[in-house]
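Let's walk through this model together, beginning with one residue and working outward to whole chains. Keep the viewer open as you read.

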Amino acid sequence: MKRALDTLLPLIVAILFLGTWEWAVAHWQVPVYVLPGPPAIAKAFADNFSSLMAALLSTLTVTVEAFLAACVLGIATAIAFSQSRLLERTFYPYAVILQVTPVVAIAPLILIWVGFERINLALVIIATIVAFFPILAGATLGLKSADFNLVDLTRLYGASRAQILWRVRLPTSLPYLLSGMKTAGGLALIGAVVAEFVAGSGTATGLAWRIVESGNRLEIATLFAALGLLALTGVLIFAALSLLEWLLLRRWHESALSGKS
Amino acid sequence: MIALKGIAKRFGSIQKDGGTEALRDLSFSIAEDEFVSLLGPSGCGKSTALRLIAGLLEPDAGHIRFAQDRPEIGFVFQEPTLMPWTDALANTRLPLDLKGVARSDGNVRAAAALARVGLAGFEQAYPRELSGGMKMRVSLARALAAQPKLLLLDEPFAALDEITRNSLGDDLLRLWKEDGLTVLFVTHSVSESSFLSQRVLVMTPRPGRIAEDIALPFGRDSRLSPATIEAQRAISTALNTAMAA
């Protein structure tokens, strides 16, 4: 019953919202180049299905590549920090600087350095920068959260640093890391979109480019279709990472046991 | 089996704020197969002494000598200190894994250790599925899995209810007799030490050292036998004297 309500209530809200939208557009005769109604958007989606899917694939490829790169770099950096306090003290401020500097401000530089002929690499780098920090922060906190007594116990049995890392620190860090990954998944998508915006039309071919292009041509229905696709992609990324989290933590971690995360 | 002589240990910086002097001139020895309790008030350095013996800390002064080479040591903390992400069998197998024992052999030995503490059938249970007492039994099984000669226990039953505590105490006595272990048992419970151990070392408040070394008489075959009650009286008197000193 509770599960049914979880699905039913948002669905009712969606139907009411779309119904009111369509009614308002028809009632006030809003021009289609300002705000098209849901059926017009659905039609634009169907008409442009193959080109929108191609754009989605392009954005999704950048997002996934950036997310994976952020995972590898974030976890590797966090492991390096956990092994050397000196390293952490030296480089953590720079990670923070990278995080707080708006990526829109760095993006033009990266595009110039990498070159417009390698636009996809530039997009991946920009999106990676955006997604990197939550993974670093989560993994660093997690690796530090290992039970001191458990670490001592492994030392008593002659464990090497690598063994302590593998057997105690990494498993301890998993809930923190997965939480960081959920944030980073959404950020990788945002980073990919921002990077496409900065790259401008004519170079990038993703959904952000479709949004800019549709806006320029006053094809607002197509713009909404691209926007909806982007939002849906974000939700699916979050859902996929939540599923991964549940699969890995369901046997032992409170967050997965209570059914919340 | 083991002798501590003139051990001193301070935490923090003496220049900065004086630090905390945990132990000063701590000396005692334990014979092979003996069951000794280290008793004292909270913060007197009992746990520090245990960690020094385990080699997890280095003394500032004094030395720790073993009769032969450093024996295989088992350690049980006040908390179960289990890995929540894996089952009881893998938790028990940890020392064997770290020593490079083959997985199949390790599983057999870990399962045997679990059976010895009354947890046969719980190999696949995760820590969160076990009660406080059962988790402590897994912790004890893990300490036994590597077949230690010296077992160090740091107030292992302090967080448990009395029924569970007594039951675990009985099991510990049985395992000590069966395995010919040498046991050093840190506690602040007079009744626990009076029943379990052959000798009780009473420590002073911080900086800790041995105030009194009490050899307990035979005949303490139950927690309420006259000999046990008499031992409790002797230990309490010594503890009061140590606290007042």
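Leaving aside residues up to four places away in sequence, B:Gln78 touches B:Asp154, B:Glu155, B:Pro156, B:Ala158 and B:Ala159. You will find B:Gln78 in the loop between β5 and α2 of chain B. Before going further, please keep in mind that this is a predicted model.

Is B:Gln78 buried or exposed? The count of other C-beta atoms within 10 Å is 17, and a residue needs 20 or more to be buried and 12 or fewer to be exposed, so B:Gln78 is partly exposed. To get a sense of distance, pick B:Thr237 as well: B:Gln78 and B:Thr237 lie 159 residues apart in sequence, and their C-alpha atoms are 26 Å apart in space.

Now turn to helix α1 of chain B, which covers residues 46-54. Seven of the nine residues in α1(B) are buried, so the helix is largely enclosed by the rest of the structure. If you would like to select them, the buried residues of α1(B) are B:Lys46, B:Thr48, B:Ala49, B:Leu50, B:Leu52, B:Ile53 and B:Ala54. After α1(B) comes B:Gly55, which has a positive phi, near 85°.

A pair of helices in chain B is the next stop. Helix α3 of chain B (residues 103-116) and helix α4 of chain B (residues 132-145) have axes that come within 8 Å and cross at roughly 130°. How should that angle be described? Angles over 145 degrees would count as roughly antiparallel, and those from 65 to 115 as roughly perpendicular; α3(B) and α4(B) are therefore oblique to each other. Their crossing is right-handed. On the α3(B) side, the residues that meet the partner helix are B:Arg109, B:Ala110, B:Ala113, B:Leu114 and B:Arg116, while α4(B) brings B:Ala141, B:Leu144 and B:Ala145. Sorted by class, this contact has six nonpolar residues, two charged and no polar ones.

Let's zoom out to chain B as a whole. Chain B has seven helices and nine strands, and its C-alpha trace spans about 50 × 50 × 35 Å along its principal axes. For 245 residues, a compact globule would have a radius of gyration near 18 Å, and the 18 Å of chain B agrees with that. Buried residues account for 43% of chain B. Of the contacts in chain B with a separation of 6 or more, 71% come from residues 24 or more positions apart.

Chain A has eleven helices and zero strands, so to speak a run of α-α-α-α-α-α-α-α-α-α-α when read along the sequence. The C-alpha trace of chain A spans about 75 × 55 × 30 Å along its principal axes. Of its 261 residues, 38% are buried. Among contacts in chain A with a separation of 6 or more, residues 24 or more positions apart account for 74%.

Finally, look at where the chains touch. How many residues does the contact take from each chain? There are 16 residues from chain B and 15 residues from chain A. On the side of chain B that touches chain A, the elements giving two or more residues are β5 (73-76) and α2 (88-98) of chain B. That side of chain B divides into twelve nonpolar residues, three charged and one polar. With β5 and α2 in view, you are back around the loop that holds B:Gln78.

Notes. Residues are numbered from 1 along each chain as its sequence is written. Chains are lettered from A and ligands numbered from 1 in the order in which they are written. This is a predicted model: local features need pLDDT of at least 70, side-chain atom pairs count only at pLDDT 80 or more; totals for chains, interfaces and linings use all residues. Two residues are in contact if their C-beta atoms, placed from the backbone, lie within 7 Å. Helices (H or I, at least four residues) and strands (E, at least two) are DSSP runs, numbered from the N terminus. Ala, Val, Leu, Ile, Met, Phe, Trp, Tyr, Cys and Pro count as nonpolar, Asp, Glu, Lys and Arg as charged, and the others, Gly among them, as polar. Axes are lines fitted to C-alpha atoms, for helices over the stretch in contact, and angles run from 0 to 180 degrees between N-to-C directions. Angles under 35 degrees count as roughly parallel, over 145 as roughly antiparallel, 65 to 115 as roughly perpendicular and the rest as oblique. A crossing is left-handed if the near helix is turned anticlockwise from the far one by less than a right angle, and right-handed if clockwise. The radius of gyration is taken over C-alpha atoms; the globule rule is 2.2 Å times the number of residues to the power 0.38.
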